[in-house]
Amino acid sequence: MPVDSTDLALEDAEWWKKTTVYHVYPRSFFDSNGDGIGDIPGIIEKLDYIQYLGYETIWISPFTESPQRDFGYDISDYYAISPHYGDMALFEKLVQEVHGRGMKLVFDLVLNHTSDQHDWFKESASSRDNPKADWYIWRDGKGRNGTRAPNNWRAMAGNKAWTYYPERDQFNYTAFLPFQPDLNYHNPEVKEAMFEIARFWLNKGVDGFRLDIVSAIYEDPELRDNPISFRLSPSDQSLSIFFQHLKHNFLHEKSFEFATELRDVVNEFENPKRILIGESHGDEGVINRFCHHEGKNGLHAVFLFKAISTPFRAPNYRNLLMRFEEHFPDPLLPTLVFANHDRNRVISRLGGSVKKAKLLALFQFTCRGIPFTYFGDEIGIPRVRIPLKQGKDAIALQHNWVPQFLVDRSAEILNRDECRTPMLWNDEAYAGFCHTSAQPWLPVAENFKDINVEKQMAEPDSLLNFYRKVICLRNETPALNAGQLEIAHDFCNRKMLAYYRIAGGEKYLVLLNMSRYRLKSPLDNEVLLSTHAQGKETHFQPFEGRVMVAAHH
Ligand code: GLC
């Protein structure tokens, strides 16, 4: 039976605490009009599928007007839908269709920067004394002729953070790529303009926002140089890149305060309440300040990317849980994120193992926190190798000098095209993503005849059906979707991870054998769900996980 999401009461003010999120990358989900890229009608057509899996919330990567140099994360008009994806009427239909199913829609909001093709920026860049002159971050150069950048800052994408514009004879700052100039939030007009944009979409009925690089909103107004670091490439914990710690241009105090101001904006909207989920890298002990700052509520949740780079081993996952519980105790809530449109595909990180992918799903949907699934991970779409030099992704283009063999060896991707390839719907041409007369914008994974939605729907033991089962169990079990989490230290060891979920009189024990060995089950309690067909045996199979009843009142 498909999960009836209408049971997940829309009026429930705390709906977001129990929700599960499916992340759609619109370009790659389903192409309804035969141009090789996905679109809004394509998403509408596949809503039943997302609901069938049991997800309640859909987060869609940006589809507003954009030159598409960063595929939507470079916005040139916040008030218009890009014709690549549809129009406003189609967007309104999407909202209606989502809500009609008792589901929620989260809109991707890029507040930190616009495209350099946005009218605001064109005006700002045109002279030093136009009405928008101070809407972006401009500074004179240093040195005798003013030809040196104002400071040593690097951007998160690895490039230098400053670009020279002859029209103003000044440098412009960007936290990401040079064509994504940062807005100047020290200017109150900018803040108000962006809050108005948020209100516009909230009035259209969106249930919340995923906030793109919210860690970058403010930077040090004194432009102090960043200190050196010993790290070449960034990690999920530390904001260092190319031997520089991005101390003064990320995670500025005022960005935490900004989160509380934005919370006030979304709080203007009721029935249902709207949510804010922020994208920030950095240590959990620091980024939880986006959620509460100086006694005020900020974002509802923030992505915890550390999970992505945590080795798939019981002790590491135990530590991860302990950190999440320490830094995001109730009423805060962690997030459970293992992939997105910037990162490697889950199955590829797990060496192609479906068993491990099921175990990870069991972990993700039985922990305390908001689980996010990047489209296609529920069927195990793999990383599709695309050489840097053939990349469409701006990061790939920027790094096309990096020797390909280094990239191929790395566990993470540098060419983000590799995780953005089309959804695999069936075994027809282009995996049913687009019409045969079209050419998909990125290649379709070669093994689509073995891995696709239609096939996995028909196989009871498929990865897809396991996702469905575990999401369904979570949706109908208060202890799993809203209960407390306690690590069951007595059952934890180098191979096994164990934790309890508790609500009211209900208590469940989740046991995950994260090793390649058979292990004796420490208990023979009733098993509610196992990753393996014969989940009731005295032994756990390699990489088997089970949800057991620990107490019932
Ligand atoms: C975020 C997005 C990424 C985008 C960048 C700049 O990290 O996830 O896709 O390129 O911000 O907007």
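**Reading a predicted model, residue by residue**

Colleague: I started in the loop between β11 (244-245) and α7 (253-267), where asparagine 249 is found. Is asparagine 249 buried or exposed?

Modeller: Keep in mind that this is a predicted model. For burial, the cut-off is a relative accessible area under 20%. Asparagine 249 has a value of 0%, so it counts as buried.

Colleague: Which residues is asparagine 249 in contact with, leaving aside its neighbours within four places in sequence?

Modeller: Trp153, Arg154, Tyr173, Ser215, Ala216, Tyr218, Glu219 and Asn226 are in contact with asparagine 249. Two of these names come back when you look at polar contacts. The side chain of asparagine 249 makes one with the side chain of tyrosine 173, at 3.2 Å. Another joins the side chains of asparagine 249 and asparagine 226, at 3.1 Å.

Colleague: How far apart are the C-alpha atoms of asparagine 249 and asparagine 226?

Modeller: They are separated by 8.1 Å, and the two residues are 23 residues apart along the chain.

Colleague: Let's go on to glutamine 456. Where is the place of glutamine 456, and is this residue buried or exposed?

Modeller: You'll find glutamine 456 in helix α15, which covers residues 453-458. Its relative accessible area is 6%, which means that it is buried under the 20% cut-off.

Colleague: Which backbone atoms does the side chain of glutamine 456 reach?

Modeller: For a polar contact, look for N or O atoms within 3.5 Å. The side chain of glutamine 456 reaches the backbone oxygen of isoleucine 379 at 2.9 Å. A polar atom of that side chain also lies 3.0 Å from the backbone nitrogen of leucine 464. Both residues appear among the contacts of glutamine 456 outside its neighbours within four places in sequence, a list that also has Glu378, Ile451, Ser462, Leu463 and Asn465.

Colleague: Now the ligand. How many residues surround the ligand, and which are the closest?

Modeller: There are 13 residues around the ligand, and the closest are Asp70, Asp212, Glu279, His341 and Asp342. The ligand itself sits in the largest pocket.

Colleague: Which side chains have polar atoms by an oxygen atom of the ligand?

Modeller: Try aspartate 70, where a side-chain N or O atom is 2.5 Å from a ligand oxygen. For histidine 341, a polar side-chain atom lies 2.9 Å from an oxygen atom of the ligand, and for arginine 210 the distance is 3.0 Å. As for cover, the ligand on its own has 310 Å² of accessible area, and the protein covers 99% of it.

Colleague: I'd like to check the backbone too. Which peptide bond to proline 272 or proline 331 is cis?

Modeller: Look at omega for each one. The bond from asparagine 271 to proline 272 is cis, with omega near -5°, and the bond from aspartate 330 to proline 331 is cis, with omega near 10°. Proline 272 lies in the loop between α7 and β12 (275-278), while proline 331 is in the loop between α10 (314-327) and β16 (335-337).

Colleague: What is the phi of asparagine 271, and what is the phi of alanine 431?

Modeller: Asparagine 271 has a positive phi of about 50° although it is not a glycine. Alanine 431, also a residue other than glycine, has phi near 55°. Asparagine 271 belongs to the loop between α7 and β12, and at 69% relative accessibility it counts as exposed. Alanine 431 lies in the loop between α14 (404-409) and α15, and with a relative accessible area of 0% it is buried.

How values were computed: Residues numbered from 1 in each chain as written. Predicted model: local features only at pLDDT ≥ 70, side-chain atom pairs only at ≥ 80, totals over all residues. Heavy atoms only, no water. Helix = DSSP H or I, 4+ residues; strand = E, 2+ residues; numbered from the N terminus. Buried < 20%, exposed > 50% of the residue type's maximum accessible area, 1.4 Å probe, protein only. Polar contact = N/O pair within 3.5 Å; in protein donor to acceptor, adjacent residues only side chain to side chain. Contact = heavy atoms within 4.5 Å. Near = heavy atom within 4 Å. Areas by Shrake-Rupley, 256 points an atom, 1.4 Å probe, with all protein chains shown as cover. 1 Å grid on protein atoms, 1.4 Å probe; cavity = no way out; pocket = protein on both sides within 12 Å on 5 of 7 lines; lining within 4 Å. Sits in = over half its atoms within 2 Å of the grid points.
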